[in-house]
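Here is my note on this one, written for someone who has not looked at it before. Keep the picture open while you go through the points.

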Amino acid sequence: MRPAEFVSSLQGLKFKNVFNPYSDRCTVHDLEDAPSRRSKALLELMETAVATEIDALWIGRDLGHRGGRRTGLALTDDVHLTTHATRWNVSIERATTGSMVAERTAAVIWSMLALVPAAVFLWNVFPLHPHEPGDPFSNRSHRPHERAVGEAVLAELVEMLRPRRLVAIGNDAAKVAFRLVAITEAVQVRHPSYGGQSDFVRQVRCLYDLRAGNEQLKLL
């Protein structure tokens, strides 16, 4: 599968109480062409990634309402959108209006990525934003049938990018990542939310042998 086909397949995914940032438009926060902007950004990242030797896919659980719902990029909020683009040497247009919104998980992820020189591609087990019924600006865990679709999408992505390993962030991501070990290596780190930030920082530091930059790590 080519990147354009991959993004097109994402655009066609529809679930109840799920926002698809590549085909849905938020009437509160999105620009008129927001879905196409998010699709274009993901496509450009993927086209660059397929031509790059990828060290790892860092995998989270779902897109969050303060992060990926707005940007269309896993583990990335408005604040780190430009940083994400610069890391891959692509241009990304913001798809939302008003003030930039920050997400705590994205802040921790990108603080660590700033110390990691290797090529890391970010993704989620479920690549869309699942929310509670009647509350589009909430987060919920994906359902089993949603996870099954997300796992198939992830397997396609792994086949396409051929990363050296998968880094599963949290238990939900690990359950899926370890089922793909026939394709590539998988390791698990603690999710930085709910008191896991220190463990996450320590584990990523160990994973990438980050002996420099201690001052920045202590600030997290």
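1. Start at alanine 168: its bridge partner in strand 6 is glutamine 188. This is a predicted model, so read every value here as computed from that prediction. Next door in the chain, valine 167 has valine 187 as its bridge partner in strand 6. Taken together, 5 bridges join strand 5 (residues 165-169) to strand 6, and the two strands run parallel.

2. What is the bridge partner of tryptophan 58 in strand 5? That would be valine 167, the residue already paired with valine 187 in strand 6. Tryptophan 58 falls in strand 2 (residues 56-62), which pairs with strand 5 in the parallel sense over 4 bridges.

3. Step back and you get the sheet these pairs belong to: an open one of 4 strands, in the order 3-2-5-6, with parallel pairing. Strand 3 (120-126) and strand 6 (185-189) stand at the edges with a single partner strand each, so one side of each has no neighbour in the sheet. From one strand to the next, the twist averages 30°.

4. Strand 5 deserves a closer look. It is mostly covered, with 5 of its 5 residues buried. Arg165, Val167 and Ile169 point one way, while Leu166 and Ala168 point the other way, and all are buried. Note that an arginine is on that list.

5. Is valine 189, in strand 6, buried or exposed? Valine 189 counts as buried, because its relative accessibility is 4% and the cut-off is under 20%. Leaving aside residues up to four places away in sequence, valine 189 touches Val167, Ala168, Ile169 and Gly170, as well as Phe200 and Gln203. For a sense of scale, valine 189 and leucine 43 are 146 residues apart in sequence and 27 Å apart in space, C-alpha to C-alpha.

6. Phe200 turns up again in a helix pair. The axes of helix 5 (residues 104-113) and helix 8 (residues 197-207) come within 10 Å and cross at roughly 25°. The two helices are therefore roughly parallel to each other, and their crossing is right-handed. On the helix 5 side the contacts come from Arg104, Val108, Ile109 and Met112; on the helix 8 side they come from Gln197, Phe200, Val201, Val204 and Arg205. It helps to remember that an α-helix has 3.6 residues a turn, so residues three or four places apart point the same way.

7. Now helix 6 (residues 144-161). It has 18 residues and reaches 25 Å from its first C-alpha to its last, close to the 26 Å expected. Its buried residues are Glu146, Gly150, Glu151, Val153, Leu154, Leu157, Val158, Met160 and Leu161. Right after helix 6 comes arginine 162, whose phi is positive, near 50°.

8. Which residues of helix 1 meet helix 6? Pro3, Phe6 and Leu10 do, against Val153, Glu156, Leu157 and Met160 in helix 6. The axes of helix 1 (residues 3-11) and helix 6 come within 11 Å and cross at roughly 170°, so the pair is roughly antiparallel. Val153, Leu157 and Met160 are among the buried residues of helix 6.

9. Two loop residues are worth checking by eye. Leucine 75, in the loop between helix 3 (68-71) and helix 4 (81-87), has a phi near 55°, a positive value in a residue other than glycine. Asparagine 89, in the loop between helix 4 and helix 5, also has a positive phi, near 60°. Their surroundings are another matter: leucine 75 is buried, with a relative accessible area of 9%, whereas asparagine 89 is exposed, at 72%.

10. Last, alanine 119, in the loop between helix 5 and strand 3. Not counting residues up to four places away in sequence, alanine 119 touches Thr52, Glu53, Ile54, Asp55, Ala56 and Trp88. Tyrosine 22 is 97 residues from alanine 119 in sequence and 24 Å from it in space, C-alpha to C-alpha.

Terms used. Residues numbered from 1 in each chain as written. Predicted model: local features only at pLDDT ≥ 70, side-chain atom pairs only at ≥ 80, totals over all residues. Heavy atoms only, no water. Expected span 1.5 Å × (residues − 1). Buried < 20%, exposed > 50% of the residue type's maximum accessible area, 1.4 Å probe, protein only. Pairing = 2+ DSSP bridges. Axes fitted to C-alpha atoms, helices over the stretch in contact; angles between N-to-C directions. Parallel < 35°, antiparallel > 145°, perpendicular 65-115°, else oblique. Left-handed = near helix turned anticlockwise from the far one by under 90°. Contact = heavy atoms within 4.5 Å.
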